[in-house]
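I opened my notebook to walk through this structure step by step. Here is what I looked up, in the order I went.

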Amino acid sequence: MKATSGNLPINQKYCLNESYISDGQVCNNCGLIIKNIAVVLGDIDKKHYHIGLYCASTLTSINPSDIAQAKK
């Protein structure tokens with residue numbers, strides 16, 4: 001699944017706070033079972049999300065203004 005079509009809004013930036021390994025949990029973004037967890041913080045809602053490393057690498061590199069410009 002593409003990280004940009006997941007559950008987390010792409011109108012905000014995400015900052016990586018920490019990462020860890022778990023026995024398995026559901027990614028807050030794509031819903032897949034993951035073991036390598038990244039904890040990211042949304043800059044607008046100030047919430048922490050536990051997501052997979054693939055989703056984290058995509059979401060932390062997205063600039064919301066670039067997406068808004070591409071939709072025009």
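**First look**

I started with the overall make-up: the protein has two helices and three strands. Keep in mind that I am reading a predicted model. Going from the N terminus, I noted the order of elements as β-β-β-α-α.

Next I looked up how much of the chain is covered. The protein has 72 residues, and 32% of them count as buried. I found an accessible surface of about 4600 Å², with 54% of it belonging to carbon and sulfur atoms. I also checked how far the contacts reach along the chain. Among contacts with a separation of 6 or more, 43% are between residues 24 or more positions apart.

**The aromatic pair**

How many aromatic pairs does the structure hold? I found one. Its partners are Y14 and Y49, set edge-to-face, with 6.1 Å centre to centre and 75° between the planes. Y14 sits in strand β1 (residues 14-26) and Y49 in strand β3 (residues 48-52), so this pair ties together parts that are 35 residues apart in sequence.

Are Y14 and Y49 buried or exposed? I looked up both, and both are buried. I then listed what Y14 touches beyond its neighbours within four places in sequence. The contacts are L8, P9, V40, L41, G42, Y49, L59 and T60.

**The nonpolar core**

A general point I jotted down first: in soluble globular proteins, nonpolar side chains tend to be buried together. Here the largest nonpolar core has 14 residues, and those touching the most other members are L8, Y14, C27, V40, Y49, I51 and L59. I checked where the members come from: β2 (33-42), β3 and α1 each supply at least two residues. The largest share of this core is the four residues from β2.

My notes on Y14 fit in here nicely. Its contacts L8, V40, Y49 and L59 are also on the list of core residues that touch the most other members.

**Cysteines**

How many disulfides does the structure hold? My note says zero. I looked at C27, which is in no disulfide; the nearest cysteine sulfur belongs to C30 and is 3.7 Å away. A pair of cysteine sulfur atoms has to be within 2.5 Å to count as a disulfide.

I compared accessibility too. C27 counts as buried, at 2% relative accessibility, whereas C15 counts as partly exposed, at 45%.

**Along strand β1**

I picked two residues here, E18 and S22. E18 has its place in strand β1 and counts as partly exposed, at 45% relative accessibility. Leaving aside neighbours within four places in sequence, E18 is in contact with I37, A38 and V39. I also noted that the C-alpha atoms of E18 and V39 are separated by 5.2 Å, although these residues are 21 apart along the chain.

S22 is in strand β1 as well, but this one counts as buried, at 15% relative accessibility. A polar atom of the S22 side chain lies 3.0 Å from the backbone nitrogen of G24. Beyond its neighbours within four places in sequence, S22 is in contact with I34, K35 and I37.

**The loop between β2 and β3**

Which residues did I look up here? D43 is found in this loop, and K46 is too.

D43 is partly exposed, with a relative accessible area of 38%. Not counting residues up to four places away in sequence, D43 touches Q12 and K13. The C-alpha atoms of D43 and C15 are 7.5 Å apart, with their positions 28 residues apart along the chain.

K46 made me look twice. This residue has a positive phi of about 55° although it is not a glycine. K46 is exposed, with a relative accessible area of 57%.

**Between the helices**

My last stop was I62, in the loop between α1 (53-59) and α2 (64-71). Is I62 buried or exposed? I found it buried, with a relative accessible area of 14%. I62 and K13 are 49 residues apart along the chain, yet their C-alpha atoms are separated by 6.9 Å.

Notes
Residues numbered from 1 in each chain as written. Predicted model: local features only at pLDDT ≥ 70, side-chain atom pairs only at ≥ 80, totals over all residues. Heavy atoms only, no water. Buried < 20%, exposed > 50% of the residue type's maximum accessible area, 1.4 Å probe, protein only. Contact = heavy atoms within 4.5 Å. Areas by Shrake-Rupley, 256 points an atom, 1.4 Å probe, with all protein chains shown as cover. Phe/Tyr/Trp six-rings, centres within 6.5 Å; stacked < 30°, edge-to-face > 60°. Core = buried A, V, L, I, M, F, W, Y, C linked by side-chain atoms within 4.5 Å. Polar contact = N/O pair within 3.5 Å; in protein donor to acceptor, adjacent residues only side chain to side chain.
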